[in-house]
Amino acid sequence: MNMERYSDFRSDTVTRPTPEMRRAMAEAVVGDDVLGDDPTVQELERLAADKLGKEASLYMPSGTMGNAVAVKSWTQELDEVIVEARSHIYNMESTHMTFISRVNPRPLPSQRGAMDPEEVERNIKPGSVHLPRTSLICVENTHNNWGGAVVPLENLVAIRELADRFGIRVHLDGARMFNASVASGVPVQQYADAADSVMFCLSKGLSAPVGSMLVGPKDFIAHGRRVRKALGGGMRQVGVLAAAGLIALNAMVDRLAEDHARAQRLARSISQLPGIQLDPAEVETDIIIFGFEHPRLTAPEFLEALKVRRVLALPVPQGIRFVTNKDIGDEDVDSAVSAFQDILS
Ligand code: TLP
C-alpha cells in the first residue's frame, strides 16, 4: 500500500519526519547512551526536564515503556493503582500493570477524563491484611479515549492535593500534554506541577519518528534508568533519534493548533450527516471520536468504503476515530468530507 496516496487519519503517530529532522538525524553527535555518554540524548533529557520544571528525565523508546517504568518505579507488589476507566494505561498497554508491576488497577469513572476527587478519595486504601495499599493515581491529559478531551487543570490539582494528603504519588500520562497546553493556554509546567512524574510523547503530534520522555525527580529517574535497562530499553547510539526529538520539542509545538483547527473543521462538516453521532463542541484537540449507526452500513463497512476513497481511520470501542496530524492538510480534510458525503447520503 503506497501510504503517500492516502489521507491518513488513523493517528497522530503516522507522521513522517520533517526534512529538518532528517538532517539533524544524519548529523547528530552520538555516544553510547547505556554508558551515559550520548550528548544528543543528554541535551534532549535536559530540555524535557527544564520544559516541565522537573529535576530529570529519561528518553524512552515508547510511551508504553515510559508509563510501565513509572508504574514499576512508584509501586510494589500488593499495591493498588487508581486509574481512569477509559485510560490508555489501563486499556491499551497490554496489561503491563499486572504483567510487569504486579499491582491491582482500580478503574474509576470520569467526566470526560476528569475523575471526581471525592470518589478518588473514597477509593484510597491504607493497606491491611485484606486490602491492597493504594500507592499511585494515574491521570491522562489530553484523554485519548474521551476524544482528545482536555482535562481541566483544577481537577488535576485537586487530585494532586488529595494524593499529597495521603502520601500517594500521581503519574500523568501526558502522551499529548502539549496538545492540552496549546488548546487550553495552560503552560505544560503547570500540568507537570500537578503530578510527581509525567510521560509525554515526541512521536505523536510533535512528529518525531520515535520516542517519549519520562520526567520526574532525580532518584525516580535514576531508578527508572535501571528498570528501562531491565526491560530491554537501553539504547546505544540513540542520539540519531534524539536529534529528531529535539526538533519536535523546539519547533513542532505551536503548529499543533493547526491540527486542532482541522479536526474542528472536519467535525463540523460531518456531524450532521446520517449515521454520525458527534457533538463538534466536544472536539477540543486533534482527536475526533464519533458513534456510528447507519441504516445501511456497519462501522467496518463504512471504514472500508472510506479506504476505497483513500481515507484511513481506525475503529474504537465507541465507534470510529479520526486524528489530524502534521501530514494532514486542508485538502485531506476536504477529501474526507467529500468521501463522507458520497458514502452516507
Ligand atoms: N496511543 C496510540 C495507540 O495505542 C492507540 C494512538 O494511536 O493513539 N498514552 C496515550 C494516551 C496514548 O494515546 C498512547 C498511544 C500511549 C500512551 C502509548 O504510546 P506508544 O504508542 O508510544 O507506546
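The legends below describe close-up views of a predicted model.

**View 1. The ligand and the residues around it.** In this predicted model, the ligand is surrounded by 16 residues, and the closest of them are Ser11, Thr64, His88, Asp173 and Arg176. Sorted by kind, the residues of this shell divide into three nonpolar, seven polar and six charged. Helix 3, which spans residues 63–74, gives the most to the shell, contributing three residues. The space that the ligand takes up is the largest pocket.

**View 2. Contacts between side chains and the ligand.** Two side chains shown here have a polar atom beside an oxygen atom of the ligand: for His88 the distance is 2.8 Å, and for Arg321 the distance is 2.9 Å. Asp173, by contrast, is paired with a nitrogen atom of the ligand, which is 2.7 Å from an N or O atom in the side chain of this residue. Taken alone, the ligand would expose 510 Å², and the protein buries 83% of that area.

**View 3. An open sheet of four strands.** The strands of this open sheet follow the order 9-10-13-12, and their pairing is antiparallel. At the edges are strand 9 (276–277) and strand 12 (314–316), each of which pairs on one side only. In general, the strands of a sheet pair through backbone hydrogen bonds, in either a parallel or an antiparallel manner.

**View 4. The pairing of strand 10 with strand 13.** Strand 10 (residues 287–292) and strand 13 (residues 319–323) run antiparallel and are joined by four bridges. One residue to look for is Ile287, whose bridge partner in strand 13 is Val323.

**View 5. A cis peptide bond in a loop.** The peptide bond that joins Asn141 and Thr142 is cis, with an omega of about -5 degrees. Thr142 is placed in the loop between strand 5, which covers residues 133–140, and helix 7, which covers residues 153–166.

**View 6. A residue with positive phi.** Although Arg102 is not a glycine, this residue has a positive phi of about 55 degrees. Arg102 belongs to the loop that lies between helix 5 (96–101) and strand 4 (104–108).

Note on methods. Residues numbered from 1 in each chain as written. Predicted model: local features only at pLDDT ≥ 70, side-chain atom pairs only at ≥ 80, totals over all residues. Heavy atoms only, no water. Near = heavy atom within 4 Å. Polar contact = N/O pair within 3.5 Å; in protein donor to acceptor, adjacent residues only side chain to side chain. Areas by Shrake-Rupley, 256 points an atom, 1.4 Å probe, with all protein chains shown as cover. 1 Å grid on protein atoms, 1.4 Å probe; cavity = no way out; pocket = protein on both sides within 12 Å on 5 of 7 lines; lining within 4 Å. Sits in = over half its atoms within 2 Å of the grid points. Helix = DSSP H or I, 4+ residues; strand = E, 2+ residues; numbered from the N terminus. Nonpolar A, V, L, I, M, F, W, Y, C, P; charged D, E, K, R; others polar. Pairing = 2+ DSSP bridges.
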